[in-house]
Amino acid sequence: MAKKRKIAADDTGAKRRIRTEVLQMVKNPKVYTAIGVIAVFCLLSCNRSALIDEFRPVPNQAWNYAFNPEFKVDVKDNKVPYRLKMNVRLTTDYRYANLFVLVHQRNAKGESNSKRVELKMADKDGRWLGKGIGSLYSYQIAYNTNYHFPDTGTYYFKIEQNMRDSPLKGVSDVGICVIPENIAK
């Protein structure tokens with residue numbers, strides 16, 4: 001009988017220690033910050049009405065000329081106007097107020113076109129224009145509005161950095177968003 005009480009007492013002590021550790025973790029402001037960061041990125045990147053809304057991580061947060069992420073978009077209705085947006089995440093290591101990219105678009109027939117796009121990252125006083133948490137800033141910038149795809153089918157978008165520096169330091173993620181114009185904000 002005494003042996004069972006000792007095991008029960010040890011078990012209760014272990015439960016108290018676990019409960020105390022969990023309470024200490026919950027009270028830690030770093031835990032709240034981490035939960036907040038995850039929630040914000042989910043809200044920014046989760047868009048169910050978009051044809052695509054994706055980011056791709058840039059290796060070592062240094063975008064070189066050889067890294068050109070490609071995104072596949074299936075267009076089922078070419079009568080709907082779309083808003084085409086660039087998704088970018090920067091760290092505070094990024095040194096410029098703008099970012100030039102080349103967006104290459106190709107359809108299933110192999111027809112392609114390219115567009116040079118300037119994305120403003122900071123105002124004239126150097127303040128970041130994106131939504132930031134800590135040292136990471138997120139942008140979703142429209143570069144083409146009321147766009148009608150010529151045909152239905154699969155389109156491929158390839159993003160190429162078009163700055164003088166290679167590698168371009170401080171670029172964490174790049175991507176694309178294609179959303180119907182009547183839903184875009």
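This passage describes the fold, the nonpolar core, the aromatic pairs and some local backbone features of a predicted model.

The chain contains 2 helices and 11 strands. Read from the N terminus, the order of elements is α-α-β-β-β-β-β-β-β-β-β-β-β, with both helices ahead of the strands. Of the 185 residues in the chain, 35% are buried. Contacts between residues at least 6 apart in sequence were also examined, and 78% of them join residues at least 24 apart.

Five of the strands, in the order E1-E11-E4-E8-E7, make up an open sheet with antiparallel pairing. Its edges are formed by strand E1 (52-57) and strand E7 (131-133), each of which pairs on one side only. On average, neighbouring strands of this sheet are turned by 15° against each other, direction ignored. Within the sheet, strand E4 (residues 82-91) and strand E11 (residues 171-180) run antiparallel and are joined by 9 bridges. Val88 has Val174 in E11 as its bridge partner. In a regular strand, side chains alternate between the two faces of the sheet.

A second antiparallel pairing involves E5 and E6, which are also joined by 9 bridges. Val101 has Val117 in E6 as its bridge partner. The two strands E5 and E6 form a hairpin with 4 residues between them, and Gly110 in the turn has a positive phi of about 95°. Lys109 lies in the loop between E5 and E6. Because its relative accessible area is 62%, above the 50% cut-off, Lys109 counts as exposed. Although Lys109 and Thr154 are 45 residues apart in sequence, their C-alpha atoms are 9.2 Å apart in space.

The largest nonpolar core holds 33 residues, and those touching the most other members are Trp63, Leu99, Val101, Phe149 and Phe157. At least two residues of this core come from each of strand E3 (70-75), E4, strand E5 (98-107), strand E6 (112-120), strand E8 (136-147), strand E9 (153-161) and E11. The largest contribution is that of E4, with 5 residues. In soluble globular proteins, nonpolar side chains tend to be buried together. Val101 thus appears both in the list of core residues with the most contacts to other members and in the bridge to Val117.

Phe149 has a relative accessibility of 1% and therefore counts as buried. Apart from neighbours within four places in sequence, Phe149 is in contact with Val75, Asn78, Tyr82, Leu84, Gln105, Tyr155, Phe157 and Val178. The structure holds 7 aromatic pairs. In one of these, Tyr147 and Phe149 are arranged edge-to-face, with 5.0 Å from centre to centre and 85° between the planes. Tyr147 has a relative accessibility of 15%, under the 20% cut-off, so Tyr147 counts as buried. The pair of Phe149 and Phe157 is also edge-to-face, with 6.4 Å from centre to centre and 85° between the planes. Both Phe149 and Phe157 are buried. Ring pairs link Tyr82, Tyr147, Phe149, Tyr155 and Phe157 into a cluster.

Two charged residues were also examined. The charged end of Arg89 sits over the ring of Phe55, at 3.6 Å from the ring centre. Glu181 is found in the segment after E11. Since its relative accessibility is 14%, Glu181 counts as buried. Beyond residues up to four places away in sequence, Glu181 touches Pro81, Tyr82, Arg83, Thr145 and Asn146. One of these contacts, Tyr82, belongs to the aromatic cluster described above.

Most residues other than glycine have a negative phi, and most peptide bonds are trans. Asn60 is not a glycine but has a positive phi of about 60°. Asn60 lies in the loop between E1 and strand E2 (62-63) and, because its relative accessible area is 76%, counts as exposed. Asn146, likewise not a glycine, has a positive phi of about 50°. Asn146 lies in strand E8 and is among the residues touched by Glu181. The peptide bond from Ser166 to Pro167 is cis, with omega near 10°. Pro167 is found in the loop between E9 and strand E10 (168-169).

Definitions and conventions
Residues are numbered from 1 along each chain as its sequence is written. This is a predicted model: local features need pLDDT of at least 70, side-chain atom pairs count only at pLDDT 80 or more; totals for chains, interfaces and linings use all residues. Side-chain values use heavy atoms; hydrogens and water are left out. Two strands pair if DSSP finds at least two bridges between them. Axes are lines fitted to C-alpha atoms, for helices over the stretch in contact, and angles run from 0 to 180 degrees between N-to-C directions. A nonpolar core is a set of buried Ala, Val, Leu, Ile, Met, Phe, Trp, Tyr and Cys residues joined through side-chain atoms within 4.5 Å. Buried means under 20% relative accessible area, exposed over 50%, partly exposed in between (1.4 Å probe, protein chains only). Contact means heavy atoms within 4.5 Å. Rings of Phe, Tyr and Trp (its six-membered ring) pair if their centres lie within 6.5 Å; planes under 30 degrees apart count as stacked, over 60 as edge-to-face and the rest as tilted. A charge sits over a ring if NZ of Lys or CZ of Arg is within 6 Å of the ring centre and within 35 degrees of the ring normal.
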